[in-house]
Amino acid sequence: MAEIKVDEKEVLACCGSTHFAKQMAMASPFPSLDHAISIAKDIWFNKVDVIGWLEAFAAHPQIGDSPSSHTTSAQWSKGEQSTALATATDAGLQELSDWNARYRQKFGHVFLICAAGRSAAEILGELKSRYSNRPIVELEIASQEQMKITELRLRKLFSPKTKADSASSQYSSAVASNADKRVGVIGQHLTATLEGLPAKAPQVQARTRPPITTHVLDVSKGSPAAGIEVRLEMWKGSQPHPSFGETDTGRWVLEGSSTTDRDGRSGQLMSMVDALNPGVYRISFNTGKYNPGGFFPYVSIVFEIRQTQTLEHFHVPLLLSPFSFSTYRGS
């Protein structure tokens, strides 16, 4: 399949974040749909900040509302909600509208769910269940749902493009000689073998970013947290793991340090190595200096990288407010 090129306007129909659309257009063309989706996930979770997430959420109509616009995004939303609208009663739509309003008042953004194929009752049940979440938790869930919607729409966007490429390829095959066909078949097998090599020998692929990264989002302000000091350390004690409740002073070795920039990103915390050393790592944030009136003087997150994971990338974001924080492993 020939490489597929997309522009910002096309991507904005898939996801309403302008930064996401620009990054995807810059990364275009893509050799395949799977590659485009992989790049999209990396951009969405690692390069788009919380402001971009909220911008994307705002581009969606409220669940249960039929968009009147004729834009590609609006028509896709209408199609995705078709099952919900077809299965809803008047009373059900009113209840859905009431709960949507309650949700927006609590969380400050539209209730987001990948609605394709879901009934109105199923969506309402999910809305009620998620309403009890803390804002930090709900922000993460909504971002995951946005990525599901984006992936669904990228598949729709790529579908006519891949069909056109397929038709062109079939025409070329029809006019080729038998000898050319045999050469083509051999070439396809060689290409498939080469494409399969990274899974067997990933060390041949150079990293494009440090193997451990982080960024901090201040959910109380709805913006990235700039100016937070960050330290990355590795456990070098006499025991293979630090023990809970025991003093571990002097057993952590500094790998690198940095300060978050205006986008909340910490910059390079360690060297650009092909493979990580397996072991236990600790990433610490000087939250007390950032928010002197907050509850946490600092936050430390300890995690282990196993021998089978040394070629992976680890992104450890921190969602922070004055009296709470949460984290998860990003892609």
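**Figure 1. Strands 9 and 10 pair in the antiparallel sense.** Strand 9 (residues 318–321) and strand 10 are joined by 4 bridges in this antiparallel pair. Helices (H or I, at least four residues) and strands (E, at least two) are DSSP runs, numbered from the N terminus. Two strands count as paired if DSSP finds at least two bridges between them. The model is predicted: local features need pLDDT of at least 70, side-chain atom pairs count only at pLDDT 80 or more, and totals for chains, interfaces and linings use all residues. Residues are numbered from 1 along each chain as its sequence is written, and side-chain values use heavy atoms, with hydrogens and water left out. A hairpin links strand 9 to strand 10 through 2 residues. Leu320 has Phe325 of strand 10 as its bridge partner.

**Figure 2. Strand 9 sits in an open sheet of 4 strands.** The strand order is 3-2-9-10, and the pairing is mixed. Strand 3 (223–224) and strand 10 (324–327) are the edge strands; each has a single partner strand, so one side of each lacks a neighbour in the sheet. Strand 2 (residues 216–218) runs parallel to strand 9, with 3 bridges between them. Asp218 stands opposite Leu320 of strand 9. In a regular strand, side chains alternate between the two faces of the sheet. Strand 9 is covered on both faces. Leu318 and Leu320 are buried on one side, Leu319 and Ser321 on the other. Buried means under 20% relative accessible area, exposed over 50%, and partly exposed in between (1.4 Å probe, protein chains only).

**Figure 3. A second open sheet has antiparallel pairing.** Its 4 strands follow the order 5-4-6-7. Strand 5 (252–259) and strand 7 (299–305) stand at the edges with a single partner strand each, so one side of each has no neighbour in the sheet. On average, neighbouring strands of this sheet are turned by 20 degrees against each other, direction ignored. Axes are lines fitted to C-alpha atoms, for helices over the stretch in contact, and angles run from 0 to 180 degrees between N-to-C directions.

**Figure 4. Strand 4 (residues 229–235) pairs with strand 6 and strand 5**. Strand 4 and strand 6 (residues 279–285) run antiparallel, joined by 5 bridges. Arg231 has Ser284 of strand 6 as its bridge partner. Met234 stands opposite Tyr281 in strand 6. Towards strand 5, strand 4 makes 7 bridges, again antiparallel. Here Trp235 stands opposite Trp252. In strand 4, 5 of the 7 residues are buried, so this strand is largely enclosed by the rest of the structure.

**Figure 5. Helix 2 (residues 18–27) packs on helix 3 (residues 33–46)**. The angle is about 140 degrees, and the axes lie 10 Å apart. That makes helix 2 oblique to helix 3. Angles under 35 degrees count as roughly parallel, over 145 as roughly antiparallel, 65 to 115 as roughly perpendicular, and the rest as oblique. The crossing of helix 2 and helix 3 is right-handed. A crossing is left-handed if the near helix is turned anticlockwise from the far one by less than a right angle, and right-handed if clockwise. From helix 2, Phe20, Gln23, Met24 and Ala27 meet Ala36, Ile39, Ala40, Ile43 and Trp44 of helix 3. Contact means heavy atoms within 4.5 Å.

**Figure 6. A cis peptide bond joins Ser28 and Pro29**. Omega is about 5 degrees. Pro29 lies in the loop between helix 2 and helix 3. Most peptide bonds are trans.

**Figure 7. Helix 7 (residues 90–107) packs on helix 8 (residues 120–131)**. Their angle is about 30 degrees, and their axes are 10 Å apart. That makes helix 7 roughly parallel to helix 8. The crossing is left-handed. Residues of helix 7 in the interface include Trp99, Tyr103 and Phe107. Among those they meet in helix 8 are Ile123, Leu127 and Tyr131.

**Figure 8. The buried residues of helix 5 (residues 72–80) share one side**. These residues are Ser73, Ala74, Trp76, Ser77 and Glu80. They cover an arc of only 160 degrees around the axis, which puts them on the same side of helix 5. The arc is that of the directions from the helix axis to the C-beta atoms.

**Figure 9. The whole chain has 11 helices and 10 strands**. Of its 331 residues, 39% are buried. Among contacts between residues at least 6 apart in sequence, 69% join residues at least 24 apart.
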